[in-house]
Amino acid sequence: MNQNNHFRLTLSTLLQQCQQDITSLPTAMRAVFSWQRGLNELKTLRRTTKLMMSTMLIVTIIGFILGRDYSLHGWIGLLTGITVVINLILVDQGRLTNYSWGIIACAAAWLTTAITNRLIGDIASQSFYLIMQFVGITVWHRKMAAQPDASELTGRKLSKLAGCAWFALAVLVYAIVLHFSKQLNGNQIYLDATLLPLGIVGSVLMVNGYRSQWVAWITLDVINVIIWFNQLKGFSPAAASMLALQLVMLANALYGAYLWFFGQNTQQDKLDTH
């Protein structure tokens, strides 16, 4: 009976939290899409972060120029690159307005490119990312409001048991996506099928502020570099811009991992693990 009561109490708490998050979504959305806050969060980035962002943007633009794809898909690829760079840089420092750029990247840019290239795993993962943007907005807004310093989200540790559970889930999702990719005649299915499970793990850990998210992102970015290099060899739409973007994202993931593991305040080690 005690276990049943504990389960009911936990479920009730989760439901109440979800209801509060849904109710607070309009307020969180206004904060995320506030141009004053967005500009301030960009202006107050660390000097090294600003340098990283400038380098990433230059590489993205150079990749677009060298690719010589000035079609609609090419320009969409460039838009994807610019919005993703700004999104990632803001994630690196735990800034809330990263989600405004993330929504643009998922909805208006990346998803369109993935559909054009018939990358089934990427289509599924980008659709998932779009949904998670709104989940992340509410959770980050709530967690940051509860911190002494509400300007940046402080990272948390992930327990070994939870890490093993997320790894098992990733393997299961990979098997499911691989099956459907074969049925739908997708491209590079064995590599492409890794994108959704890694994206799920990375996104959920990111939303909840876990530093281990960067293990998933680095792995995903390495695979994406291989995928888009192969697409480039086949002269696929926007492949040059997307390959440049993936290289930029890999460099950023390494930088983000450094910041979240070593560059934040030591108070993150005092936070509870789950």
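User: Which helix gives the most to the lining of the largest pocket?

Analyst: This is a predicted model, where local features need pLDDT of at least 70, side-chain atom pairs count only at pLDDT 80 or more, and totals for chains, interfaces and linings use all residues. Residues are numbered from 1 along each chain as its sequence is written, and side-chain values use heavy atoms, leaving out hydrogens and water. A pocket is an open set of points on a 1 Å grid over the protein atoms alone, with protein on both sides within 12 Å along at least five of seven lines, and lining residues have an atom within 4 Å of a point. H7, H9 and H10 each supply at least two lining residues, and the top contributor, with 7 residues, is H7.

User: How many helices are there in the protein?

Analyst: Helices (H or I, at least four residues) and strands (E, at least two) are DSSP runs, numbered from the N terminus. From the N terminus on, the elements are α all the way along. The protein has 0 strands, and its number of helices is 11.

User: What is the volume of the largest pocket?

Analyst: Its 18 lining residues include Phe167, Leu198, Val201, Val215 and Ala216, which lie nearest the centre of the pocket. The lining divides into 12 nonpolar residues, 5 polar and 1 charged; here Ala, Val, Leu, Ile, Met, Phe, Trp, Tyr, Cys and Pro count as nonpolar, Asp, Glu, Lys and Arg as charged, and the others, Gly among them, as polar. A volume is the space filled by probe spheres set on the grid points, which are joined across faces, edges and corners. For the largest pocket, that comes to about 380 Å³.

User: How much space lies in the largest cavity?

Analyst: A cavity is a set of grid points where a 1.4 Å probe fits but cannot get out. The count is 1 cavity of 30 Å³ or more. The space in the largest cavity is about 420 Å³.

User: Which residues are the closest to the centre of the largest cavity?

Analyst: Helices H4, H5, H6, H9 (195–207), H10 and H11 (239–263) give two or more residues each to the lining of the largest cavity. That lining divides into 17 nonpolar residues, 9 polar and 2 charged. Of the 28 lining residues, those closest to the centre are Asn87, Leu88, Tyr129, Trp217 and Met249.

User: What share of the residues of the protein count as buried?

Analyst: Buried means under 20% relative accessible area, exposed means over 50%, and partly exposed is in between (1.4 Å probe, protein chains only). Of the 274 residues of the protein, the buried share is 47%.

User: How many salt bridges does the structure hold?

Analyst: Side chains of opposite charge can pair when their charged atoms come close. A salt bridge is a side-chain nitrogen of Lys or Arg within 4 Å of a carboxyl oxygen of Asp or Glu. In this structure, the number of salt bridges is 2.

User: Which residue's side chain meets that of Glu41 in a salt bridge?

Analyst: Glu41 has a relative accessible area of 4%, so it is buried. The partner has an N to O distance of 2.9 Å to Glu41, and both lie in helix H2 (residues 35–43), 4 residues apart, about one turn of the helix. With a relative accessible area of 26%, the partner is partly exposed. The partner is Arg37.

User: Glu152 and Arg95 also meet in a salt bridge; how many residues apart are they?

Analyst: Their side chains meet at 2.8 Å, N to O. The pair links distant parts of the chain: Glu152 is in the loop between helix H6 (120–145) and H7, Arg95 is in the loop between helix H4 (72–92) and helix H5 (98–116), and the separation is 57 residues.

User: Is Arg95 buried or exposed?

Analyst: Its partner Glu152 is partly exposed, because its relative accessible area is 21%. Arg95 has a relative accessible area of 5%, so Arg95 is buried.

User: What distance separates the C-alpha atoms of Ile227 and Leu191?

Analyst: Ile227 lies in helix H10 (residues 213–233), and its relative accessible area is 0%, so it is buried. Along the chain, Ile227 and Leu191 are 36 residues apart, yet their C-alpha atoms are separated by 7.0 Å.

User: How far apart in space are Gln246 and Ile227, C-alpha to C-alpha?

Analyst: Gln246 is found in helix H11, and it is buried because its relative accessible area is 0%. Gln246 and Ile227 are 19 residues apart in sequence, and their C-alpha distance is 9.5 Å.
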